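Colleague: I've never read a protein model before. Could you walk me through this one?

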Amino acid sequence: MPLEAGLLEILACPACHAPLTDRTADENPELVCTGADCGLAYPVRDGIPVLLVDEARRPA
């Protein structure tokens with residue numbers, strides 16, 4: 001289930017403050033940082049973004 005557009009506009013990567021890309025429609029829902037040097041992927045659990053750097057996945 002995709003996040004509301006208004007919510008996505010105010011969310012930012014906690015590590016580098018870059019905007020996030022919504023990939024909640026995928027098999028593994030997550031928000032991905034658009035920062036060139038960051039790229040962390042934050043999980044979305046039960047429709048709630050978990051914006052903790054310790055919970056984020058590094059890009060492959």
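Colleague: Let's start with one residue: is L31 buried or exposed?

Modeller: Before I answer, keep in mind that this is a predicted model. The idea is to look at the relative accessible area, and under 20% counts as buried. L31 has a relative accessible area of 0%, so it is buried.

Colleague: And which strand is L31 found in?

Modeller: L31 sits in strand β2, which covers residues 30-33. When you look at a strand, check each of its two faces in turn. In β2, E30 and V32 lie on one side, L31 and C33 lie on the other, and all four are buried. Both faces of this strand are covered, then.

Colleague: In what order do the strands line up in the sheet?

Modeller: To get the order, follow the pairing from strand to strand. Here four strands make an open sheet, β1-β2-β3-β4, with antiparallel pairing. β1 and β4 are at the edges with a single partner strand each, so one side of each has no neighbour in the sheet.

Colleague: How many bridges join β1 to β2?

Modeller: Four bridges join them, and the two strands run antiparallel. β1 spans residues 20-23, and its L20 stands opposite C33 in β2. If you trace the chain from β1 to β2, you go through a hairpin of six residues.

Colleague: What about the other side of β2, where it meets β3?

Modeller: There you'll find three bridges, again with an antiparallel run. β3 covers residues 41-45. Try finding two of the matched positions on screen: L31 stands opposite Y42, and V32 has A41 as its bridge partner.

Colleague: Which residues make up the largest nonpolar core?

Modeller: For a core, you look for buried nonpolar residues whose side chains link up. The largest one here has twelve residues: L3, L11, C13, A18, L20, L31, C33, C38, L40, Y42, V44 and A56. The elements giving two or more residues to this core are β2 and β3.

Colleague: I see cysteines in that list. How many disulfides does the structure hold?

Modeller: Zero. The test is simple: two cysteine sulfurs have to be within 2.5 Å. For C13, the nearest cysteine sulfur belongs to C38 and is 3.7 Å away, and C13 is in no disulfide. C16 is in no disulfide either; its nearest cysteine sulfur is that of C33, 3.4 Å away.

Colleague: Are C13 and C16 buried or partly exposed?

Modeller: C13 counts as buried, at 1% relative accessibility. C16 counts as partly exposed, at 34%.

Colleague: Last one: what does P49 touch, leaving out residues up to four places away in sequence?

Modeller: Contacts like these show you which parts of a chain meet in the fold. P49, which is in strand β4 (residues 48-49), touches L3, L11, L31, P43 and V44. You can check one of those from the other end: beyond its close sequence neighbours, V44 is in contact with T24, P29, E30, L31 and P49.

Colleague: How far apart are L31 and I48 in space?

Modeller: Their C-alpha atoms are 11 Å apart, with their positions 17 residues apart in sequence. For P49 and G6, 43 residues apart along the chain, the C-alpha separation is 14 Å.

Note on methods. Residues are numbered from 1 along each chain as its sequence is written. This is a predicted model: local features need pLDDT of at least 70, side-chain atom pairs count only at pLDDT 80 or more; totals for chains, interfaces and linings use all residues. Side-chain values use heavy atoms; hydrogens and water are left out. Contact means heavy atoms within 4.5 Å. Buried means under 20% relative accessible area, exposed over 50%, partly exposed in between (1.4 Å probe, protein chains only). Two strands pair if DSSP finds at least two bridges between them. A nonpolar core is a set of buried Ala, Val, Leu, Ile, Met, Phe, Trp, Tyr and Cys residues joined through side-chain atoms within 4.5 Å.
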